[in-house]
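Me: I'm new to reading protein models, and I'd love a close look at just one part of this one. Could you pick a strand and walk me through it slowly?

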Amino acid sequence: MTKKSNETFIKEVYDLVGDEYVFLEEYKLSNKHINVKHNICNHEYSVTPVNFLRGRKCPECSKRIVGEKNRKTNTAFLKEVYDLVGDEYTFLEEYSTSKTPMLVRHNKCGHEYKVTSGHFTSDKTRCPICMRNISDINRRNTHENFIKIFYEKRSDADEYNFIT
């Protein structure tokens with residue numbers, strides 16, 4: 001097995017990406033890091049030649065591209081909210097990220113509170129006032145429902161007396 005020369009490596013790089021990148025050090029081994037400059041954004045970084053040839057390019061430009069592709073717009077977020085809850089909630093602040101708290105109004109009760117879009121869409125976090133009221137109602141009805149179901153299911157139910 002012959003060792004690849006620096007000239008051979010540089011030719012492979014040029015055939016792959018033209019003059020978009022310039023290697024700042026000589027090629028020695030395929031797995032030995034060398035510094036490279038991305039001529040488009042002028043970012044310098046270190047990469048192994050084998051990884052570069054396999055597709056690992058400028059990390060700064062990759063972050064920017066991935067961020068732009070994955071960034072949700074305010075319009076897309078509002079559509080997602082509408083698909084979940086209709087017009088029951090109105091977001092009073094613009095969407096920026098899934099972890100940024102935003103002011104929202106629950107249109108049924110008028111309560112305004114802060115919630116992250118991630119919690120609202122994924123965790124089903126809704127109006128804390130109304131959720132508390134529903135929880136209180138469910139707790140109050142639990143005893144009544146228990147008695148009703150007990151009397152329906154038991155043939156000897158009239159032998160029992162429940163104190164309310």
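Reply: Here is a walk along one strand, its partners and then a few spots elsewhere.

Keep in mind that this is a predicted model. For the setting, the protein has six helices and six strands, and along the sequence they follow the pattern α-β-β-β-α-α-α-β-β-β-α-α. Of its 164 residues, 24% count as buried.

Let's zoom in on strand S5, which covers residues 101-106. Which of its side chains are buried? Met102, Val104 and His106 are, and they point to one face. Pro101, Leu103 and Arg105 point to the other face and are not buried. So as you step along S5, the side chains alternate from one face to the other. That fits a general pattern: in a regular strand the side chains alternate between the two faces of the sheet.

Now look at who S5 pairs with. Strand S4, residues 89-91, pairs with S5 in the antiparallel sense over three bridges. Strand S6, residues 112-116, also runs antiparallel to S5, and five bridges join these two.

Val104 is a good place to pause. Its bridge partner in S6 is Tyr113, and Val104 is itself the bridge partner of Phe91. Val104 is also one of the buried residues of S5.

Next, follow the chain from S5 into S6. The two strands form a hairpin with five residues between them. In that turn sits Gly110, which has a positive phi of about 85°.

Arg105, right after Val104, tells another part of the story. Its bridge partner in S6 is Glu112. The side chains of Arg105 and Glu112 also form a salt bridge, with the closest N and O atoms 3.3 Å apart. How buried or exposed is Arg105? Its relative accessibility is 28%, so it counts as partly exposed, because that value is neither under 20% nor over 50%. Glu112 is partly exposed too, with a relative accessible area of 38%.

That salt bridge has company, since the structure holds six of them. Another one links Glu80 and Lys72, whose closest N and O atoms are 2.7 Å apart. Glu80 is partly exposed at 28% relative accessibility, and Lys72 is partly exposed at 30%.

You can also find a salt bridge inside a helix. Lys11 and Asp15 form one, with their closest N and O atoms 2.9 Å apart. Both residues lie in helix H1, residues 6-17, and they are four residues apart, about one turn of the helix. Both Lys11 and Asp15 are exposed.

One more backbone detail goes well with the Gly110 turn. Asn42 has a phi near 65°, a positive value in a residue other than glycine. You'll find Asn42 in the loop between strand S2 (34-38) and strand S3 (44-47). Asn42 is partly exposed, with a relative accessible area of 49%.

Finally, step back to the whole protein. Its accessible surface comes to about 11800 Å², and 51% of that belongs to carbon and sulfur atoms. Among contacts with a separation of 6 or more, 18% come from residues 24 or more positions apart.

Technical notes
Residues numbered from 1 in each chain as written. Predicted model: local features only at pLDDT ≥ 70, side-chain atom pairs only at ≥ 80, totals over all residues. Heavy atoms only, no water. Buried < 20%, exposed > 50% of the residue type's maximum accessible area, 1.4 Å probe, protein only. Pairing = 2+ DSSP bridges. Salt bridge = Lys/Arg side-chain N within 4 Å of Asp/Glu carboxyl O. Contact = heavy atoms within 4.5 Å. Areas by Shrake-Rupley, 256 points an atom, 1.4 Å probe, with all protein chains shown as cover.
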